[in-house]
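Welcome, and please load the model in your viewer with side chains ready to switch on. We will go from stop to stop, selecting a few residues at a time.

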Amino acid sequence: NAMVRPELISLAPVDRDRVLEHISAQGGQCEACGATDFEVGHALYLGFLFLDEDDDAYLVALTCRTSDCGRRTAIRLCEKDFLSRGETGARAATWMASAPRS
């Protein structure tokens with residue numbers, strides 16, 4: 001079992017389903033083979049890492065499920081568009097509050 005980097009966020013099944021809904025609504029497809037079926041991986045919070053990103057921006061990893069393709073890509077989403085609330089609520093706001101000041 002591969003170790004997951006600490007900055008990556010593991011998504012709940014409901015969150016992965018919401019990502020797939022966004023891909024479908026946007027007409028997303030694999031650039032390599034044209035397939036529309038993706039495996040949703042981890043999310044990376046972008047808002048704190050890159051100054052030109054919104055505070056609630058995330059990059060969500062995708063892998064084409066076509067067996068002879070498997071191309072990796074990602075989709076940029078806002079926190080409210082895919083992360084369920086509850087214990088994961090307001091992640092971006094929490095991280096921004098704990099970020100060191102420069």
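**Stop 1: a salt bridge to start**

This is a predicted model. Begin by selecting Arg 5 and Glu 7: their side chains meet in a salt bridge, with N to O at 2.6 Å. Colour the pair by accessibility and you will find that Arg 5 counts as exposed, at 53% relative accessibility. Glu 7 counts as partly exposed, at 35%.

**Stop 2: the whole chain**

Now zoom out and switch to a cartoon view. The protein chain has three helices and four strands, and along the sequence they follow the pattern β-α-β-β-β-α-α. Of its 102 residues, 27% count as buried. If you draw a surface, the chain exposes about 6900 Å², and carbon and sulfur atoms supply 50% of that. For a contact map, take the contacts between residues at least 6 apart in sequence: 50% of them join residues at least 24 apart.

**Stop 3: the other salt bridges**

How many salt bridges does the structure hold? There are three, and you have already visited the one between Arg 5 and Glu 7.

Select Arg 71 and Glu 31 next; the closest N and O atoms of this salt bridge are 4.0 Å apart. The pair links distant parts of the chain, 40 residues apart: Arg 71 lies in the loop between β3 and β4, and Glu 31 in the loop between α1 and β2. Glu 31 is exposed, with a relative accessible area of 70%, while Arg 71 counts as partly exposed at 41%.

Then pick Lys 80 and Asp 81, whose side chains meet in a salt bridge at 3.4 Å, N to O. Lys 80 counts as exposed because its relative accessibility is 53%, and exposed means over 50%. Asp 81, at 22%, counts as partly exposed.

**Stop 4: the nonpolar core**

Hide the surface and show Leu 11, Val 19, Val 60 and Phe 82 as sticks. These are the residues with the most contacts inside the largest nonpolar core, which has 18 residues. Which elements give two or more residues to this core? They are α1 (13-25), β2 (38-45), β3 (57-64) and β4 (72-78).

Keep Phe 82 selected and expand to its contacts. Leaving out residues up to four places away in sequence, Phe 82 touches Leu 11, Asp 15, Arg 18, Val 19, Ala 43, Tyr 58, Val 60 and Leu 77.

**Stop 5: a buried acid**

One of those contacts of Phe 82 deserves its own view: Asp 15, placed in helix α1. Asp 15 is buried yet has no salt bridge. Where is the nearest side chain of opposite charge? That side chain belongs to Arg 18, and it is 5.1 Å away; a salt bridge needs the nitrogen and oxygen within 4 Å.

Add Ser 84 to the view: the side chain of Asp 15 reaches the backbone nitrogen of Ser 84 at 2.7 Å. Beyond its neighbours within four places in sequence, Asp 15 is in contact with Phe 82, Leu 83 and Ser 84.

**Stop 6: the loop beside it in sequence**

Finish on Leu 83, found in the loop between α2 (79-82) and α3 (91-98). Is this loop residue buried or exposed? Leu 83 is buried, because its relative accessible area is 4% and buried means under 20%. As a last step, draw a distance between the C-alpha atoms of Leu 83 and Val 14: these residues are 69 apart in sequence and 8.3 Å apart in space.

Notes:
Residues numbered from 1 in each chain as written. Predicted model: local features only at pLDDT ≥ 70, side-chain atom pairs only at ≥ 80, totals over all residues. Heavy atoms only, no water. Core = buried A, V, L, I, M, F, W, Y, C linked by side-chain atoms within 4.5 Å. Buried < 20%, exposed > 50% of the residue type's maximum accessible area, 1.4 Å probe, protein only. Contact = heavy atoms within 4.5 Å. Lys, Arg positive; Asp, Glu negative; His and termini not counted. Polar contact = N/O pair within 3.5 Å; in protein donor to acceptor, adjacent residues only side chain to side chain. Areas by Shrake-Rupley, 256 points an atom, 1.4 Å probe, with all protein chains shown as cover.
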